[in-house]
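User: Please take a close look at the loop backbone in this model. I'd like to hear about peptide geometry and phi, plus how open to solvent those spots are.

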Amino acid sequence: MKALPLSEMTTSGRRRIGLGVVGLGRIGLLHAEHSAGPLASAKLVRVVDADEALAREAGDRLGTSWSTSFEDLLGDVNVEGVVIATPTQLHAEMVERAAAAGKHVFCEKPISLDLSSTLRALEAARTAGVVFQVGFHRRFDPDWTAAAARIHAGQLGEIFFFRTTLRDRQPPAAEYIRTSGGFFVDVTIHDLDTARWLVGEIEEVTAFGAALSDPTFAELDDVDNAVVALRFASGALGVIDESRVAGYGYECSTEVMGSRATVRIGQHRRVNNVWLTPGSAAVDWVTDFAERYAKAYALELEDFAAAIRDGRPPTVTGDDGLAAFVLAQACDRSHRERRTIRFLPDNRDGYVLDEAAGGLSPCV
Ligand SMILES: NC(=O)c1ccc[n+]([C@@H]2O[C@H](COP(=O)([O-])OP(=O)(O)OC[C@H]3O[C@@H](n4cnc5c(N)ncnc54)[C@H](O)[C@@H]3O)[C@@H](O)[C@H]2O)c1
């Protein structure tokens, strides 16, 4: 085997995987910065954005090649893994092209806005035999993984109840919301993945959404606040509450209650100080997902690169992305049709449902 240049080796002698990031907006720039940082298994080798100024600024600042063309990324032999962080409607085709070019793929959530292209993207990755990971970063956050390990080891006993809260301080731009797939597909998808991860498969969803803060949401046929009730296949119940407009900061907290123990997850402070003044006690609070989950975003790329290098499946798979997407679509439908969507037990496996009837036909 040809010896690798020293620059490609970590101090432990293990190879670092070259990553190329496409889309340098809110999340893609973070991915580029983390890849350019001190990850043991990954290094940034190229960035691409359709906006030339963004691509140049990131490339120059992070000391890496840049361009405005996805083709350049696919044609770069130093890029082994492609990180797709473009607007959602571009993901599936980019996954297919990256897989066809033999690149491993990390794709931001959701994989797509419709079931058929989601399935095509999965199939393309499967056919090419590349690693395909979806961006559910919570699965890499130390607080969440520690809780998950104890839950999966049975330390909670029988799980009765799952509750999760996800709140953004302020909404993204209307332009983003317009092409996001709607609140449930864009936001709730994270909590549906968390619910499956921590508790197990979901049998029923009942979703309520409301556009309360700004008429723009209703004009875009979207909502800014939502509540979802879940019934798990195990019989456990769940509640998800979410908002794009919490005002006070970013919150992402969960409680899983079991027969023997209950775990609460939710660290929202930068420092652990309490500021005491007459009549009040105050703590600081994180502003957004980038701040709260900086470590998780770095660790998910580290894990993606390690999966490529070690030839193992990713921790979060394309099938996880598919399952959460189908559940999110079901929430959207439940909200619009004002009814419970139930997955037939026989069709629970992977939530791959009949697309001919809008992707959800085996629901009753
Ligand atoms: N996992 C998370 O926590 C998380 C957080 C935010 C966003 N996301 C997901 O990441 C994706 C991007 O979201 P965002 O908020 O960063 O969006 P954004 O609008 O801030 O950024 C998108 C970027 O893609 C670039 N772009 C558009 N078309 C392109 C093309 N053809 N080639 C190259 N670049 C192109 C745009 O110029 C822009 O810089 C979405 O799918 C979203 O759901 C995930």
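Analyst: Quick yardstick: buried is under 20% relative accessible area, exposed is over 50%, and partly exposed is in between (1.4 Å probe, protein chains only). This is a predicted model, so local features need pLDDT of at least 70, side-chain atom pairs count only at pLDDT 80 or more, and totals for chains, interfaces and linings use all residues. Numbering starts from 1 along each chain as its sequence is written, and side-chain values use heavy atoms, leaving out hydrogens and water.

Let's start with the peptide bond from Lys109 to Pro110, which is cis, with omega near -20°. Pro110 sits in the loop that links strand E5 (104-107) to helix H5 (115-128); helices (H or I, at least four residues) and strands (E, at least two) are DSSP runs, numbered from the N terminus.

Moving along, Asp221 isn't a glycine, yet its phi is positive, near 60°. You'll find Asp221 in the loop running from helix H9 (215-219) to strand E9 (225-232). Asp221 is exposed, at 51% relative accessible area.

Arg338 also has a positive phi without being a glycine, near 50° here. Its loop falls between helix H12 (318-337) and strand E15 (341-342). Arg338 is exposed too, with a relative accessible area of 79%.

For the surroundings of that last loop, look at Val205: leaving aside residues up to four places away in sequence, its contacts (heavy atoms within 4.5 Å) include Ala330, Cys331, Ser334, Arg339, Thr340 and Ile341. Val228, Ala229 and Leu230 are also among the residues that Val205 touches.
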